[in-house]
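Here is a short report on one protein chain. Keep the structure open beside the text as you read.

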Amino acid sequence: MNLIPSFPAHDQQAAIRQTAAALLNDRTPGFSLPQPLYTDERLYALDMQEIFAKEWLFAGHDCEIPGKGNFMTLQVANNPVVLVRGDKGVIHGFHNVCRHRGSRVCLAEKGKVAKLVCPYHQWTYELDGRLLFAGNVMNDDFDMAAYGLKPIQVKSAGGFIFINLTEQPVNDPLFEAFLTDLETYLAPHGMDNVKVAAESHIVEEANWKLVVENNRECYHCNGSHPELMNSLLEFDNTEDPRATPEYAAQVAEATARWDAQGAAWQLKYFGRRNRLTRTPLKKGTNSMTLDGQPACKRLMGNLRDPRMGALRILHLPNSWNHVMGDHAVTFRILPLGPRQTLVTSKWLVHKDAVEGVDYDPVEMRKVWDATNLQDRRITEDNQRGIDSLAYQPGPYSQSFEFGVIDFVDWYSERMLSHLEEEMPALKLAQG
């Protein structure tokens, strides 16, 4: 379906923005989005400009760049990014683009360097982004200080690294409050002493919003995720209409134990973007494994009791996470196209845990490897249906799909807010 009319090139951007605003303003609350927002290449590009280039994104973990000179790279739409550990442990973030002729500077996914050196013409940058060397071919009046790597904003909390591609992101008190509480909730798990034990990357042939929507409800779980449902409860809140008296009793017992340990557990929302809660797993299970038992003998942090339930961490638009007593599983999505999304999963354990002695990464991965493949099938079938002439927005369940409603509302509000900021400038430029 093509709802964006043809305009001369100089009017096209304004037409796309106006169409997106109209689709979002006219949508029916509590229903899935209009088809073009899941399918249209131009509206996907707008998502990248207004959401993924302006909102805070989960990028990775502190433990992935543990020492000076360690770096990691990622691709946010058309924007290559590099994160590098500099002096005094500071994490710097840059557009991974040489200031000479625009080549990528760091080509590997991870590594360790003394300086950041562009492989094309060897322009060399300090770990803080300053240009140190541009050869002897520039004019005498060349200003080295004007050609440092372009920075991005970086924040780290509880071992999680978040980035924002804008030079000066808008202050968000709710996000700042989330970062503060993230440190508190993760404190028992010792996230400054973890390592990545396993990692997977899968590509789902579906729009990124469908990937998030699928994650934000467990309405589908019993029929789709037998491995996961060995340990996971569909709900994590005693106020959930699906919650049983048995679950309420289990929560009371678990929270009393967590209170005694000083482990935060209360359900907290930070607007619609961020959510924290610690909740029990199914009775008799202590970890998200096939048998429900710990996957790692060496518990996280200084924990002595594996009965930590699952700390669930949500960060829109691109991450959800489960942290248990023995290991953590974290998820990051990065869109690759209007119908293509990269899902990266990482399993974290105590840094002193020994592979083959304390844990078997193959066994540790089995539940979420199976679940990820099942979710890929679900979202790809969802995308194929939405591509159909027959698709029209359908109603979400207020009881079972409230998390999806929150996500779609958050997305719509943020898009409209960014569009309203941009459209007066567009009108002025055209006038």
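The lining of the largest pocket divides by class into 7 nonpolar, 8 polar and 9 charged residues. The model is predicted. This pocket holds about 420 Å³ of space. Of its 24 lining residues, Glu55, Asp172, Arg273, Arg414 and His418 are the closest to the centre. Two helices give two or more residues each to this lining: helix H4 (173-186) and helix H9 (402-430). H9 gives the most, with 7 residues.

**The second pocket**

The second largest pocket has a volume of about 310 Å³. Its lining has 18 residues. Nearest the centre lie Glu213, Glu217, Asn382, Tyr396 and Glu401. Helix H5 (208-215) and helix H8 (361-386) each supply at least two lining residues. H8 provides the largest share, 4 residues. By class, the lining of this second pocket has 9 nonpolar, 6 polar and 3 charged residues.

**The cavities**

How many cavities of 30 Å³ or more does a search of the whole structure find? It finds 2. The largest cavity contains about 630 Å³ of space. It is lined by 40 residues, and those closest to its centre are Asn215, Arg216, Glu217, Cys218 and Arg312. Glu217 also appears among the residues nearest the centre of the second largest pocket. The elements that give two or more residues to the lining of the largest cavity are H5, strand S14 (310-315), strand S15 (319-323), H8 and H9. H8 gives the largest share here, 5 residues.

The second largest cavity has about 30 Å³ of space. Its lining consists of Phe58, Ala59, Gly60, Thr330, Phe331, Arg332, Thr344 and Lys346. Strand S1 (57-61), S16 and S17 each give two or more of these residues.

The table sets out the four spaces and the classes of their linings.

| Space | Volume | Nonpolar | Polar | Charged |
|---|---|---|---|---|
| Largest pocket | about 420 Å³ | 7 residues | 8 residues | 9 residues |
| Second largest pocket | about 310 Å³ | 9 residues | 6 residues | 3 residues |
| Largest cavity | about 630 Å³ | 18 residues | 10 residues | 12 residues |
| Second largest cavity | about 30 Å³ | 3 residues | 3 residues | 2 residues |

**Two domains**

The domain assignment gives domain 1 (57-164) and domain 2 (182-387). Their C-alpha centres lie 31 Å apart. In all, 20 residues of domain 1 are in contact with 22 residues of domain 2. Why does the second largest cavity lie between the domains? Domain 1 and domain 2 both give residues to its lining, so the cavity lies between them.

**The sheets**

Now turn to the strands. An open sheet of 7 strands runs in the order S11-S17-S16-S15-S14-S13-S12, with antiparallel pairing. Strand S11 (194-204) and strand S12 (268-270) are the edge strands, and each pairs on one side only. From one strand to the next, the twist averages 15 degrees. Within this sheet, strand S16 (residues 328-337) and strand S17 (residues 340-350) are joined by 9 bridges. Arginine 332 stands opposite threonine 344 in S17. Both residues also line the second largest cavity.

Another open sheet has 3 strands in the order S6-S7-S8, and its pairing is antiparallel. The edges are strand S6 (116-117) and strand S8 (131-133). Strand S7 (residues 124-125) is joined to S8 by 2 bridges. The bridge partner of tyrosine 125 is leucine 131, in S8.

How values were computed: Residues numbered from 1 in each chain as written. Predicted model: local features only at pLDDT ≥ 70, side-chain atom pairs only at ≥ 80, totals over all residues. Heavy atoms only, no water. Pairing = 2+ DSSP bridges. Axes fitted to C-alpha atoms, helices over the stretch in contact; angles between N-to-C directions. 1 Å grid on protein atoms, 1.4 Å probe; cavity = no way out; pocket = protein on both sides within 12 Å on 5 of 7 lines; lining within 4 Å. Points joined across faces, edges and corners; volume = space filled by probe spheres on them. Nonpolar A, V, L, I, M, F, W, Y, C, P; charged D, E, K, R; others polar. Domains from an automatic or database assignment. Contact = heavy atoms within 4.5 Å.
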